[in-house]
Amino acid sequence: MHMHKLADLPDLVLAETLAELLREAGIPARCVNDPATRAAPRSEATTVYLDNASDAPAAAPVLAEFKREVVALSEAVPCPWCGESIPVGVAGCWSCGRSALGLGRASGF
Ligand SMILES: [Zn+2]
């Protein structure tokens, strides 16, 4: 089985919510704590994986809608790398996967 990494979420609740939405859409998905991101401060970042990489195109609109809702409900900042809006506290950008540490702090840009 080839699992496909879909997105990094800032906490387990969000990750499980996304995985449930995907399963409701008929897409097998699961959330897994990612050791690479768990080291981040105040983070229990959780990665959502698809069981099948071939489901990625079907999962994209589900993920997009989920992101819109989360961003609408929380304070969000643009990723410095790709410009995606990501909630404050996300350890890694859920679009490009690069580290977003420090985004929650005041910065001059
Ligand atoms: Zn990014």
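Start by selecting Cys 31 in this predicted model. Cys 31 sits in strand S2, which runs over residues 29-33. Show what surrounds Cys 31: setting aside neighbours within four places in sequence, Cys 31 is in contact with Ala 15, Glu 16, Ala 19, Thr 46, Thr 47 and Val 48. Is Cys 31 buried or exposed? Cys 31 has 22 C-beta neighbours inside 10 Å, and 20 or more are needed to count as buried, so Cys 31 counts as buried. Draw a distance from Cys 31 to Glu 20 as well: 11 residues separate the two in sequence, and their C-alpha atoms are 9.6 Å apart in space.

**The whole chain**

Now zoom out and colour by secondary structure. You should find 3 helices and 5 strands in the protein chain. Following the sequence, the order is β-α-β-α-β-α-β-β. The protein chain has 109 residues, and buried residues make up 31% of them. Of the contacts between residues at least 6 apart in sequence, 47% join residues at least 24 apart.

**Helix H1**

Next, select H1, residues 12-24. Its 13 residues should span 18 Å at 1.5 Å a residue, and because the end C-alpha atoms are 18 Å apart, the two values agree. Display the side chains of Leu 14, Ala 15, Leu 18, Ala 19 and Leu 22, which are the buried residues of H1. These residues cover an arc of only 130 degrees around the axis, which puts them on the same side of H1. A general point about helices helps here: an α-helix has 3.6 residues a turn, so residues three or four places apart point the same way.

Turn H1 around to look at the face away from the buried side. There you meet the exposed residues Val 13, Glu 20 and Glu 24. Glu 20 is also the partner in the distance drawn from Cys 31. Turn back, and what covers the buried residues of H1 includes S1, S2, S3 and H3. Before leaving, step just past the end of H1 to Gly 26, where phi is positive, at about 85 degrees.

**Helix H3**

Move on to H3, residues 56-73. How does its span compare with what its 18 residues should give? The expected value is 26 Å at 1.5 Å a residue, and the end C-alpha atoms are 25 Å apart, which agrees. Select Ala 59, Leu 63, Phe 66, Lys 67 and Val 70, the buried residues of H3. They cover an arc of only 105 degrees around the axis, which puts them on the same side of H3.

Which elements do the buried residues of H3 pack against? Highlight strand S1 (4-9), helix H1, strand S3 (46-50) and strand S5 (85-87) to see them. Then rotate to the other side of H3, where the exposed residues are Pro 57, Ala 60, Pro 61, Ala 64, Glu 65, Arg 68, Glu 69 and Ala 72.

**Where H1 meets H3**

Keep both helices on screen. Their axes are 10 Å apart, and H1 and H3 pack at an angle of about 140 degrees. H1 and H3 are therefore oblique to each other. The contact is made by Leu 14, Leu 18, Leu 21 and Leu 22 on H1, with Ala 59, Val 62, Phe 66 and Val 70 on H3. As for handedness, H1 passes H3 in a right-handed crossing.

**Trp 94**

Now go to Trp 94, in the segment after S5. Trp 94 is buried, with 27 other C-beta atoms within 10 Å. Beyond its neighbours within four places in sequence, Trp 94 is in contact with Ala 7, Asp 8, Leu 9, Lys 67 and Ile 86. Lys 67 will be familiar as one of the buried residues of H3. Add Leu 6 to the selection too: Leu 6 and Trp 94 are 88 residues apart in sequence, yet 8.2 Å apart from C-alpha to C-alpha.

**Two exposed stops**

Select Glu 75, in the loop between H3 and strand S4 (76-78). With 9 other C-beta atoms within 10 Å, Glu 75 is exposed. Not counting residues up to four places away in sequence, Glu 75 touches Pro 87 and Val 88. The C-alpha atoms of Glu 75 and Ser 85 are separated by 9.5 Å, and these residues lie 10 apart along the chain.

Finish at His 2, in the segment before S1. His 2 counts as exposed, with 9 C-beta neighbours inside 10 Å. Its distance to Tyr 49 is 9.9 Å, C-alpha to C-alpha, across 47 residues of sequence.

How values were computed
Residues numbered from 1 in each chain as written. Predicted model: local features only at pLDDT ≥ 70, side-chain atom pairs only at ≥ 80, totals over all residues. Helix = DSSP H or I, 4+ residues; strand = E, 2+ residues; numbered from the N terminus. Expected span 1.5 Å × (residues − 1). Buried ≥ 20, exposed ≤ 12 C-beta atoms within 10 Å, placed from the backbone. Arc of directions from axis to C-beta. Contact = placed C-beta atoms within 7 Å. Axes fitted to C-alpha atoms, helices over the stretch in contact; angles between N-to-C directions. Parallel < 35°, antiparallel > 145°, perpendicular 65-115°, else oblique. Left-handed = near helix turned anticlockwise from the far one by under 90°.
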